[in-house]
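Colleague: Got a minute to go through this model with me? I'd like to talk through the fold, the surface and any pockets.

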Amino acid sequence: MIGFMGAMISNLAFVFRNIFSKKGMKGKSVSVMNYYACLSMMSLLIVTPFANSVEGPQMWADGWQNDVSKSDQTLSTLETQ
């Protein structure tokens, strides 16, 4: 249920982003792709502290270690072939 609610909130956020960005584009000389790129970078900067506070630094560290171990396994598999 939590995953479904997260997906619906994400969909709603994308719709609002599109609506507000189209309103903000009126009279501007910025291309659409550049405008969306700037919005995406701004949203990354805004959401990152919230994601870090919710997930916690320990979970980020565990995920990093998991990815590094998987990449080490992949590299060792490629070296033996």
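Modeller: Sure. Accessible areas here come from the Shrake-Rupley method with a 1.4 Å probe. Keep in mind that this is a predicted model.

Colleague: How much area does the protein chain expose, and what share of it do carbon and sulfur atoms supply?

Modeller: Start with burial: counting residues under 20% relative accessible area as buried, 5% of the 81 residues make the cut. The exposed area of the protein chain comes to about 7,100 Å², and the carbon and sulfur share is 70%.

Colleague: What pattern does the protein chain follow along the sequence?

Modeller: There are 0 strands and 3 helices in the protein chain. Read in order, that gives α-α-α.

Colleague: Where in H2 does the kink lie?

Modeller: H2 covers residues 32-55, and its 33 Å reach from first to last C-alpha is close to the 34 Å expected. After the helix comes Gly56, with a positive phi near 85°. The kink, about 35°, sits shortly before the proline Pro49, at Val47.

Colleague: Which element gives the most to the lining of the largest pocket?

Modeller: That pocket has a volume of about 430 Å³. Of its 15 lining residues, the closest to the centre include Ala13, Phe14 and Val47. Helix H1 (2-25) and H2 are the elements that give two or more residues to the lining. The top contributor, with 8 residues, is H2.

Colleague: And how many residues of that lining are nonpolar?

Modeller: Set aside 1 charged residue and 3 polar ones. The nonpolar count is 11.

Conventions:
Residues are numbered from 1 along each chain as its sequence is written. This is a predicted model: local features need pLDDT of at least 70, side-chain atom pairs count only at pLDDT 80 or more; totals for chains, interfaces and linings use all residues. Side-chain values use heavy atoms; hydrogens and water are left out. Helices (H or I, at least four residues) and strands (E, at least two) are DSSP runs, numbered from the N terminus. The expected span of a helix is 1.5 Å times one less than its number of residues. The bend at a residue is the angle between axes fitted to the seven residues ending there and the seven starting there. On a 1 Å grid over the protein atoms alone, a cavity is a set of points where a 1.4 Å probe fits but cannot get out, and a pocket is an open set with protein on both sides within 12 Å along at least five of seven lines; lining residues have an atom within 4 Å of a point. Grid points are joined across faces, edges and corners, and a volume is the space filled by probe spheres set on the points. Ala, Val, Leu, Ile, Met, Phe, Trp, Tyr, Cys and Pro count as nonpolar, Asp, Glu, Lys and Arg as charged, and the others, Gly among them, as polar. Buried means under 20% relative accessible area, exposed over 50%, partly exposed in between (1.4 Å probe, protein chains only).
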